[in-house]
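Please look through the sequence and the structure that follow, and keep both in view while reading. The paragraphs after them go from the ligand to the domains, the core and one helix.

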Amino acid sequence: MKNPLPHEIHKYLVKVILFANALSDKIQKHFKMKWSLQDMSLSHQARQIKPSATLTLNEKARQLRVLGEPVIHLGIGEPKNKAPIGAILGSAGKLNAGDVKYTPTDGIPSLKKAIIRYTEEYYGRLVSPENIIVSTGAKQSLFNVIYSIVDPQDEVILLAPYWVSYPEMVKMAYGIPVIVTPEDGTFYHRMEDIKRSVSSYTKAIILNSPNNPSGAMYPPDFIGEIVDFCETKGIYLIMDDIYHRLVFSGKKWEPGYKYTNKDTENSKIIVINGVSKLYGMTGFRIGWVIAPRKLTEIMVNIQANTTSCPSVVLQAAAEGALTGQQGVVDNLRMTIENNRKVILSEMKAINDVYVFPPDGTFYCLPDFRAYSQDSVELAEFLLEKALVVTVPGVDFGMEGHLRLSYAGSVKDAIEGVERIRWALDPEAPNEIFIGDRKCIRDWM
Ligand SMILES: Cc1ncc(COP(=O)(O)O)c(C=O)c1O
């Protein structure tokens, strides 16, 4: 889009917006303490919950885009594909029939049947409808699980880098997140470190493999060990498998169930999955849990008293996706694998930034500590100078890193990384075109 404003006025407006944003952040930080003491009408617990880092940066990017600024968004957590045809037809069928009412709290039987088939195919396990609860996105599934198993002061072990919502959900259930960091320079954890973090209060460990934000997938040996440990100790192992088919380089994802000889009723494994990422159906908001019946019953009670049930239209869409052409997931994986190749090769050009090659997902988490120890400051700097959105690693428990998404276009991945390099690396050329504007680096 051609910018209608004269260049100087436009530049000035951009500066004003960025300054206003920075000022508002500072004021909020400054007064947070005061407000938290004064505003007793808000629950103490609710005030502990952090805002979403991604949404804050999205809003800044949106404001700049409104001004016609050529912002590149490398913070996106969703693929660009169109919804699968099976999903569109499924949901349209419900709408055309005007058949849009409450459903059973735990999901419509035909979708549960599709989930049973899915679980048999990808997990090699036959579960019953009573082991399944369908929810409004995997996010609600996770919340239902955590709320159902965590008592006040119970501990839940999170492996850093972890998905941003895990600690907040644990806190919402009055539990305590206990963070285990990986072996230095890797995104893998040692079983000794995990075992050392377990106490008599430990209720669960959350494992997300492949992982958002690092893209790392744990090796089968580790999965075997952690499953065995949790089954023996009686600790729940919540396996967030939301990216399990977006795996690259011929690597094979393995389900936790493969490593237990316990049946579903007696196993401590709880599986989370959904259609958001694999089918690129983020807006359809359907996820599910596979768990022992007793736990499922509790979750159904919670869901019945919060959202009643997921929308029937969206459940029909999820059923359409699960029972339709599975080539859509393979196509998505191939597109993303190609984007991954491109972004990894582009990142090599930035001096002193190490990128762990992701095994899966559509994220990577490069280490920018050679340039800054403060990932929030770095992300803000890159947005201001290079108009590139990234997500600060500190929100994933990994300071000094930035999460980059390659779920968008190859063009954005190439140009986004080129701009980051220009903004940070003294060896990069001093001039760059951002949109139709020639920019000169004058800060180093
Ligand atoms: C690791 C992980 N788990 C769960 C979710 C939630 O998925 P949904 O969109 O189905 O709620 C996300 C979404 O970003 C995620 O990255």
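In sorting residues by class, Ala, Val, Leu, Ile, Met, Phe, Trp, Tyr, Cys and Pro count as nonpolar, Asp, Glu, Lys and Arg count as charged, and the others, Gly among them, count as polar. By these classes, the shell around the ligand holds three nonpolar, eight polar and two charged residues. The model is a predicted one, in which local features need pLDDT of at least 70 and side-chain atom pairs count only at pLDDT 80 or more, while totals for chains, interfaces and linings use all residues. Residues are numbered from 1 along each chain as its sequence is written.

A residue is taken as near the ligand if its C-beta atom, placed from the backbone, lies within 6 Å of it. Of the 13 residues around the ligand, those that come nearest are G137, A138, K139, N212 and S276. Helices (H or I, at least four residues) and strands (E, at least two) are DSSP runs numbered from the N terminus, and helix α6 (residues 137-149) supplies the largest share of the shell, three residues.

The chain is divided into domain 1 (7-78 + 328-440) and domain 2 (102-323), with bounds that come from an automatic or database domain assignment. Their C-alpha centres lie 28 Å apart. Where the domains are in contact (C-beta atoms, placed from the backbone, within 7 Å), 29 residues come from domain 1 and 28 residues from domain 2. On the side of domain 1 that touches domain 2, α12 gives the most, with seven residues.

A nonpolar core is a set of buried Ala, Val, Leu, Ile, Met, Phe, Trp, Tyr and Cys residues joined through C-beta atoms within 7 Å; a residue is buried if 20 or more other C-beta atoms lie within 10 Å of its own, exposed if 12 or fewer, and partly exposed in between. The largest such core has 109 residues, and I146, L237, I238, I270 and V289 are those with the most contacts inside it. Because domain 1 and domain 2 both give residues to this core, it lies between them. Leaving aside neighbours within four places in sequence, V289 is in contact with I133, S141, N144, V145, I270, V271, I272 and M299.

Helix α11 (residues 312-323) is mostly covered, since nine of its 12 residues are buried. These buried residues pack against α4 (85-97), α5 (109-123) and β2 (132-135). In helix α12 (residues 327-347) lies N331, which counts as partly exposed because it has 14 C-beta neighbours inside 10 Å.

Key:
Two residues are in contact if their C-beta atoms, placed from the backbone, lie within 7 Å.
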